[in-house]
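Work through these exercises with the structure open beside you. Try each task before reading its solution.

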Amino acid sequence: MDVTHEINLLVQEIQRLGSKNADGQTSVKFEVLCKDDRCANIFEALVGTLKAARKRKVISFEGELLLLGVHDKVDIILLQE
């Protein structure tokens, strides 16, 4: 899979699993994304896809690297629907 395709899939999964925040943007907790069975089957390297999507300004999240357990409650915010 190419990066653009994986980012498009990521956007779909954030929309499926997330909810609107106070600013009207869709957001999802890192833990929810990581522990979802469908996401686990789609993404070989979820953290790499998240970093690529952030670099392209499709999503935002705090921190440089997200680790399951440590960053479970970090919001991943969709910037482009």
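**Exercise 1. Find which residues Leu50 is in contact with, leaving aside its neighbours within four places in sequence.**

Solution. The model is a predicted one. Start at Leu50 and skip the neighbours within four places in sequence. The contacts left are Leu10, Phe30, Leu33, Ile59, Phe61, Leu66 and Ile76. Next, look at the largest nonpolar core, which has 21 residues. Leu50 is among those with the most contacts inside this core, along with Leu10, Ile14, Leu33, Ile59 and Ile76. Then ask which elements build the core. α1, α2, α4 and β4 each supply at least two of its residues. α1 gives the most, with five residues. As a general rule, nonpolar side chains in soluble globular proteins tend to be buried together.

**Exercise 2. Decide where the buried residues of α4 sit around the axis.**

Solution. First list them: Leu46, Thr49, Leu50, Ala52 and Ala53 are buried in α4. They cover an arc of only 165° around the axis, so they are on the same side of α4. A rule helps here: an α-helix has 3.6 residues a turn, so residues three or four places apart point the same way. Now see what covers the buried residues of α4. The cover includes α1, α2, β3 and β4.

Take Leu46 in helix α4 as a close-up. Its relative accessible area is 14%, so Leu46 is buried. Not counting residues up to four places away in sequence, Leu46 touches Leu10, Leu33 and Cys34. Compare Leu46 with Ile7 as well. The two are 39 residues apart in sequence, and their C-alpha atoms are 9.9 Å apart in space.

**Exercise 3. Check what span α1 should have at 1.5 Å a residue, and what its end C-alpha atoms show.**

Solution. α1 has 15 residues. At 1.5 Å a residue, the helix should span 21 Å. The end C-alpha atoms are 21 Å apart, which agrees. Go to the start of α1 next. There a side-chain oxygen of Asp2 reaches to within 3.0 Å of the backbone nitrogen of Thr4.

Now turn to burial. Glu6, Ile7, Leu9, Leu10, Val11, Glu13 and Ile14 are buried in α1. The partners that these buried residues pack against are β2, α2, α3, α4, β3 and β4.

**Exercise 4. Is Glu13 buried or exposed? Which residues is it in contact with?**

Solution. Locate Glu13 in helix α1, which runs over residues 3–17. The relative accessible area of Glu13 is 1%, so this residue is buried. Leave aside neighbours within four places in sequence. Glu13 is then in contact with Leu33, Asp36, Arg38, Cys39, Ile42 and Phe43.

**Exercise 5. How many disulfides does a search of the whole structure find?**

Solution. The search finds zero. Check Cys34: the nearest cysteine sulfur is that of Cys39, 8.4 Å away. That is too far for a bond, because a disulfide needs sulfur atoms within 2.5 Å. Burial can be read off too. Cys34 has 22% relative accessibility, so it counts as partly exposed. Cys39 has 2%, so it counts as buried.

**Exercise 6. Work out which residues Val74 touches, not counting residues up to four places away in sequence.**

Solution. Find Val74 in the loop between β3 and β4. At 17% relative accessibility, Val74 counts as buried. Val74 touches Val28, Lys29, Phe30, Phe61, Glu62 and Leu66, with residues up to four places away not counted. Single out Phe30: it is 44 residues from Val74 in sequence, but 5.7 Å in space, C-alpha to C-alpha.

Try Glu31 in helix α2 by the same route. At 18% relative accessibility, Glu31 counts as buried. With residues up to four places away in sequence not counted, Glu31 touches Leu68, Asp72 and Lys73.

**Exercise 7. What phi does Lys57 take just after α4?**

Solution. Lys57 lies in the loop between α4 and β3. Its phi is positive, about 60°, although Lys57 is not a glycine. Finish with its surroundings: relative accessibility is 59%, so Lys57 counts as exposed.

How values were computed
Residues are numbered from 1 along each chain as its sequence is written. This is a predicted model: local features need pLDDT of at least 70, side-chain atom pairs count only at pLDDT 80 or more; totals for chains, interfaces and linings use all residues. Side-chain values use heavy atoms; hydrogens and water are left out. Buried means under 20% relative accessible area, exposed over 50%, partly exposed in between (1.4 Å probe, protein chains only). Helices (H or I, at least four residues) and strands (E, at least two) are DSSP runs, numbered from the N terminus. Contact means heavy atoms within 4.5 Å. The expected span of a helix is 1.5 Å times one less than its number of residues. A polar contact is a pair of N or O atoms within 3.5 Å; within protein, one must be able to donate a hydrogen and the other to accept it, and residues adjacent in sequence count only if both atoms are side-chain atoms. A nonpolar core is a set of buried Ala, Val, Leu, Ile, Met, Phe, Trp, Tyr and Cys residues joined through side-chain atoms within 4.5 Å. The arc is that of the directions from the helix axis to the C-beta atoms.
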